[in-house]
Amino acid sequence: MLNTEKILEFDKIKNKLSEFAYTEKARLEIKNLAPYLSELEVRKKLRETTEARIMIEKCGNPPATALQGIESMIEIAGKGGCLTPEQLEIVASTLTSVRRLKDYLNRCKMYEIGLAYYEENLESLDDIYEELSAKIRGGRVDDYASKTLKSLREAIDKTDAKMHEKADAAIRANKSYVSDNFSTMRNGHICIPVKKEYKFKVSGSVLDKSSTGSTLFIEPASVGKLYDELQELRIDEENEEIKILYTLTGMLSDKEEIIRRNNQTVEKLDFIFAKAKLSLEYGGIKPEINTGRYIRLKNARHPLMDRKINVPLDFEIGGRLADEQEVRGVIITGPNTGGKTVAIKTVALNCMMAQCGLHTACEEADICMNNAILCDIGDGQNLSENLSTFSAHIRNVMDILKQAGRESLVIMDELGSGTDPAEGMGIAVAILEELRKSGALFLVTTHYPEVKDYAGKTPGIINARMTFDKESLRPLYQMVIGEAGESCAFYIAEKLGMPKYMLENAARAAYGKDVLRSGEEQKLEKAPQPKIQRKKNVRKQTDALKFQVGDSVMVMPDRKIGIVCQTANEKGVLRIQMRDKKIWMNHKRVKLHVPADQLYPEDYDFSIIFDSVEKRKAEHDMSRKYTEQTIMMEE
């Protein structure tokens, strides 16, 4: 199956539409949105979108209602469960939104808009809302939810206050035994800190001790007695809260069907108003729908493009022209970047949107019902299946030809491209002939001049071209039906600086024409080129490498004897220890006198010869202890 939605960017339209929806059900409906095949259904959906937009324009946006998790809460209530205070608050908030939406729809009735009468499907359930608002506040059951609950909570507060008073009294009575002058909580009990050695001086229960063990946390006996009373009060409080929660949940359970109907209405309206908001976003209009197999678009735009730069397009296909010829196919030609692809996408996308109940981005539109919108746009290269551009293109085309019928709309870009021009042209004509036989409406772009000729002489097919400003080299995005376009390749190449002799070579190659050049032969002016910096090959100093540290050598021409203390560098220069100094000397002026292996034992420490006593002493000190002395390299 061809991914028509993605090719036409209808998936992006749906993403924008989802941004205007609040309920999950509406977002799911948007995700699954596809062209309706029933003419009545399309007309109904378009009418709803239009009425919703009028309501927004006259009465402002409707109140938002998310209905987050309401469905599961009503299901719990229906099964005899008990909702939490937080859940009941969400239900109360939803009922508030329903009441506001109902008021909004009532205001819109004055404009005689049919959609406004959905108000009759909503029940605000004011009695339940008042109960919930009165008894649930701040995520808990309110103190005044019942007289019993209020009495219990007052008793709890009094008992808790008495417990703190008793604890403070115990601290004062045992001042010399406690380590602090305030009580503390341990596992829900009020305790006083008692020094370990006075454990038996204070009557009560040891509940905890400090990390050092020097302090024990004791609940005084007088406090412990009140704690037991407090626990009984809290159990009674919890039972009373549960009783209230069950009562409120039961009230919702009794209205389960009404609440579900409310939710369904809210979700439906959320989807409809999302379409209206999208229409306002891109300045859409309600299109006319026909089954006569013709499409008329006036000043059509691509809804995802900026209206300031998107040039409107006029387009017409199907029906009969002035000469009574029924046109079912349009072949668009013109230069690259001339707007051909944008044009065919604009036509197909607006047709798909209309059949999905969305407004079109046009000044006027009359669009036929299509059983399928089939597209082949882009190179379609499928690397995962190792298919070339042309192979993928042909596979898509064959899928389209198998599905195309009299009630289909077919869109193809660069027909026959991606292969040998002569063979591509032949394939393009064969595809067009098959489309003509299918009876489908089709809109095709191409560069082949032979295809223009085919369209010019074949009944039911007509040429069209995209206008192009030759001075600014900019596309004008205007379609002229009835005229074949030219590629303008030679003209554009000349304007952009291609020399005349190259253009003449191109003309001979393309058309077999040999146009004589006049004047001096032009040459292509070459731009300055950066140079590659190659690595220099350094000559290996093979002779210098024969000298090793410790070799006794003779320095010419003075024939003085020295010892090699540093092997040759990349320039072939050695460092030699003479009698009173070290010198640098090219290896060509040095002769081997006695090799080091004949003068010294293996692993001999040459620092004895080459380093000063002070340096060797410092290195020895550094190897066994820290020293601030700095070792300087001898020159």
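Outside its sequence neighbourhood of up to four places, Arg 261 touches Asn 121 and Glu 123. The model analysed here is predicted. Arg 261 belongs to helix α10, and at 35% relative accessibility this residue counts as partly exposed, because the value lies between the 20% limit for buried and the 50% limit for exposed residues. Between Arg 261 and Glu 123 the separation along the sequence is 138 residues, whereas their C-alpha atoms are 8.8 Å apart in space. The contact of Arg 261 with Glu 123 thus links helix α10, where Arg 261 is found, to a residue 138 positions away in sequence.

Helix α10, which spans residues 256-282, also takes part in enclosing internal space. The structure contains three cavities of 30 Å³ or more, and the largest of them has a volume of about 110 Å³. Helix α10 gives the most to the lining of this largest cavity, with five residues. Among the residues that line the largest cavity are Val 266, Leu 269, Asp 270, Phe 273 and Lys 277. The lining also includes Tyr 22 and Thr 23, the run Pro 62, Pro 63, Ala 64 and Thr 65, and Leu 101. By class, eight of the lining residues are nonpolar, two are polar and two are charged. Asp 270 and Lys 277 are the charged members of the lining, and Thr 23 and Thr 65 are the polar ones.

A further element of the structure is an open sheet of four strands, arranged in the order β7-β11-β8-β9 with mixed pairing. Strands β7 (288-290) and β9 (313-318) form the edges of the sheet, each pairing on one side only. On average, neighbouring strands of this sheet are turned by 15° against each other, direction ignored. Within the sheet, strand β8 (residues 294-300) pairs with β9 in the antiparallel sense, over five bridges. Leu 297 stands opposite Phe 315, a residue of β9.

Another strand, β6, covers residues 215-220 and includes Thr 215. With a relative accessible area of 12%, Thr 215 is buried, because this value falls under the 20% limit. Thr 215 touches Ser 179, Pro 193, Val 194, Lys 209 and Ser 210, with residues up to four places away in sequence left out of the count. The two residues examined individually therefore fall into separate accessibility classes: Thr 215 is buried at 12%, whereas Arg 261 is partly exposed at 35%.

Definitions and conventions. Residues numbered from 1 in each chain as written. Predicted model: local features only at pLDDT ≥ 70, side-chain atom pairs only at ≥ 80, totals over all residues. Heavy atoms only, no water. 1 Å grid on protein atoms, 1.4 Å probe; cavity = no way out; pocket = protein on both sides within 12 Å on 5 of 7 lines; lining within 4 Å. Points joined across faces, edges and corners; volume = space filled by probe spheres on them. Helix = DSSP H or I, 4+ residues; strand = E, 2+ residues; numbered from the N terminus. Pairing = 2+ DSSP bridges. Axes fitted to C-alpha atoms, helices over the stretch in contact; angles between N-to-C directions. Buried < 20%, exposed > 50% of the residue type's maximum accessible area, 1.4 Å probe, protein only. Contact = heavy atoms within 4.5 Å.
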